[in-house]
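Thank you all for coming. I would like to walk through one structure with you this morning, beginning with its pocket and then turning to some helices and a few backbone details.

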Amino acid sequence: MSLKILVVDDEQIQRDMLKGFLEKQGFRVLTATNGREAIELFKDLPLQLVLLDHKMPDMTGDNVLAKMLEINPHVRAIMITAYGAVDTAVKVMKLGAVDFMEKPVNLTDLLEQIQTIEHDLIVEEEALAVTASLEQQNLPVNIIGSSTAMTRLLSMVQRIAPSPWTVLIRGETGTGKELFAHLIHLLSPRTGEPFIEVNCAAIPENLFESELFGHEKGAFTGANNMRKGRFELASGGSIFLDEVGELPLNLQAKLLRTLQEKKISRVGSEKDISVDVRLITATNRNLKDMADKGTFREDLYYRLHVLELELAPLRLRKNDIKELAEYFLEKFSFRPIKFSTDAMTMLVKYEFPGNVRELEHIVQRTVTLARGSVILPSDLPTEVRSQTRVTGTLDQRLKALEKEMINQALEKHDGIQTRAAEELGISERVLRYKMGKLKLKD
Ligand SMILES: Nc1ncnc2c1ncn2[C@@H]1O[C@H](COP(=O)(O)OP(=O)(O)OP(=O)(O)O)[C@@H](O)[C@H]1O
Ligand SMILES: [Mg+2]
């Protein structure tokens, strides 16, 4: 993809300089000499990035950008302002979708900004491709959320799904691990083949081997018939080992063997059967830590985490809460009902230790019990309402404040710790230490 950029400036020298530089870098460049011309061009062409001079005779850059955002809300802009024009910067920032450069433009910085934007655009496109496939192929999963974290995740899925490699999905309880495992299968070439789920925490240890690999008739007491195991049933498709961290060590060895040799043998049989399955696993435990402690085989860990998908907890992607809440409201309501602004604000503030599943249950409960056609804060469960009350000793309150500030900084920067630390005025190391201490991380 070569990015198409529109350069808008009333000064010819500036236009020529930017156009020349950007074309040399391989971008396609169009120019406009004023705001009106820029908007006309913008209406007709799919332009993803606009370099806007802020001070032009006919219209200011922010007015031009506001018009462009009406036409295409996804457009990105770099506004070029006079040196030190901070108030303009603040005003323009409110429009969103905008980066800044001061005159005279430092070309190295400009190129770096454009590359960042280009990267973001590719990620967005990949994420959109996932949603488009779901719609076009009418697949039975719905993925809600457009936070940066979710967009990045979907862009990973778009690249991971077509490959044959093993995927390890990590995330706290209720973050959507199972949903994403299914999504990966559906978007893979194995989509028409079986998707077999195994919950490693739910199967008694003595039945595990026969569940996974099957058994022959008479292999053990009660084995009255031959039975195929989950690996055989998944043949040609995908097998999803959920809660793989709960697998006992002796079975880890057997699983490892299966992965190495791509063969299984049923309990009570010496015969090897080849199986062609794609393995997807999930856990809310830290397998690396477990491997270090000796409770999870290190060699198996390396086999499982060839590709890794990390699902962020909901409290670190609060931008998804409203969209998810409205989606679940629609799913569970049998009459016209909506959230009041205050109730929604309260939901967004809540930490959701149980993540998306907890939000789903809260909405289900609330919508069933609420009497009116508007959900009020008083309709929400106590744990959500009690969030906003500040109580406790000085130390407890300070901790709560610290936690809130750290959470807000992390949310604002989509969990990117370097940026959050910068905003808070502390080092990344101190941030990580505090996150650990305040249990903000899994
Ligand atoms: N992005 C999302 N969009 C829509 N629904 C979602 C999303 N994420 C999760 N859900 C829903 O939330 C619920 C919990 O998700 P899921 O069962 O996949 O979580 P999990 O990570 O496997 O949880 P656990 O660790 O407890 O097994 C499901 O009903 C799922 O459909
Ligand atoms: Mg699950």
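Helix 5 gives the lining of the largest pocket its largest share, namely 15 residues, and I should say at once that we are looking at a predicted model. Other elements contribute as well: strand 5 (98-102), helix 6 (148-160), helix 17 (394-412) and helix 18 (417-424) are among those that each supply at least two residues of that lining. The space in this pocket comes to about 1900 Å³, and of the 47 residues that line it, those closest to the centre are Arg 76, Asp 120, Glu 124, Thr 148 and Asp 414. If we sort the lining by character, we find 17 nonpolar, 15 polar and 15 charged residues.

How far can we trust the coordinates? The mean pLDDT of the chain is 91, with 97% of its residues reaching 70 or more. Among the elements, strand 13 (residues 278-283) has the highest mean pLDDT, 98, while helix 4 (residues 86-93) has the lowest, 69. Where pLDDT is low, the predicted coordinates should not be read in detail.

Let me stay with helix 18 for a moment, since we have just met it in the pocket lining. Its buried residues are Gln 417, Ala 420 and Ala 421, and because they cover an arc of only 100 degrees around the axis, they sit on the same side of helix 18. The cover over these buried residues includes helix 17 and helix 19 (428-437). Just after helix 18, the backbone at Gly 425 takes a positive phi of about 75 degrees.

Which residues of helix 14 are buried, and which are exposed? In this helix, which spans residues 341-349, Ala 343, Met 344, Met 346 and Leu 347 are buried. Seen down the axis of helix 14, these buried residues fall within an arc of 160 degrees, so they line one face of the helix. On the other side of helix 14 we find Thr 341 and Asp 342, which are exposed. The buried residues of helix 14 are covered by elements that include helix 13 (321-332), strand 15 (338-339), helix 15 (355-369), strand 16 (374-375) and helix 16 (382-385).

That brings me to the backbone. Most residues other than glycine have a negative phi, and most peptide bonds are trans. Phe 352, in the loop between helix 14 and helix 15, has a positive phi near 50 degrees, and Phe 352 is buried, with a relative accessible area of 0%. Asn 355, which lies in helix 15, also has a positive phi, in this case near 55 degrees, and at 0% relative accessibility Asn 355 counts as buried too. As for peptide bonds, the one from Lys 103 to Pro 104 is cis, with omega near -10 degrees, and Pro 104 belongs to the loop between strand 5 and helix 5.

One last residue: is Glu 232, in helix 9 (residues 230-233), buried or exposed? Its relative accessibility is 13%, so Glu 232 counts as buried, the cut-off being under 20%. Leaving aside neighbours within four places in sequence, Glu 232 is in contact with Phe 213, Ile 264, Arg 266, Ile 273 and Val 275.

I will stop there, and I am happy to go back to any of these places on the screen.

Notes
Residues are numbered from 1 along each chain as its sequence is written. Chains are lettered from A and ligands numbered from 1 in the order in which they are written. This is a predicted model: local features need pLDDT of at least 70, side-chain atom pairs count only at pLDDT 80 or more; totals for chains, interfaces and linings use all residues. Side-chain values use heavy atoms; hydrogens and water are left out. pLDDT is the predictor's confidence in each residue, from 0 to 100. Helices (H or I, at least four residues) and strands (E, at least two) are DSSP runs, numbered from the N terminus. On a 1 Å grid over the protein atoms alone, a cavity is a set of points where a 1.4 Å probe fits but cannot get out, and a pocket is an open set with protein on both sides within 12 Å along at least five of seven lines; lining residues have an atom within 4 Å of a point. Grid points are joined across faces, edges and corners, and a volume is the space filled by probe spheres set on the points. Ala, Val, Leu, Ile, Met, Phe, Trp, Tyr, Cys and Pro count as nonpolar, Asp, Glu, Lys and Arg as charged, and the others, Gly among them, as polar. Buried means under 20% relative accessible area, exposed over 50%, partly exposed in between (1.4 Å probe, protein chains only). The arc is that of the directions from the helix axis to the C-beta atoms. Contact means heavy atoms within 4.5 Å.
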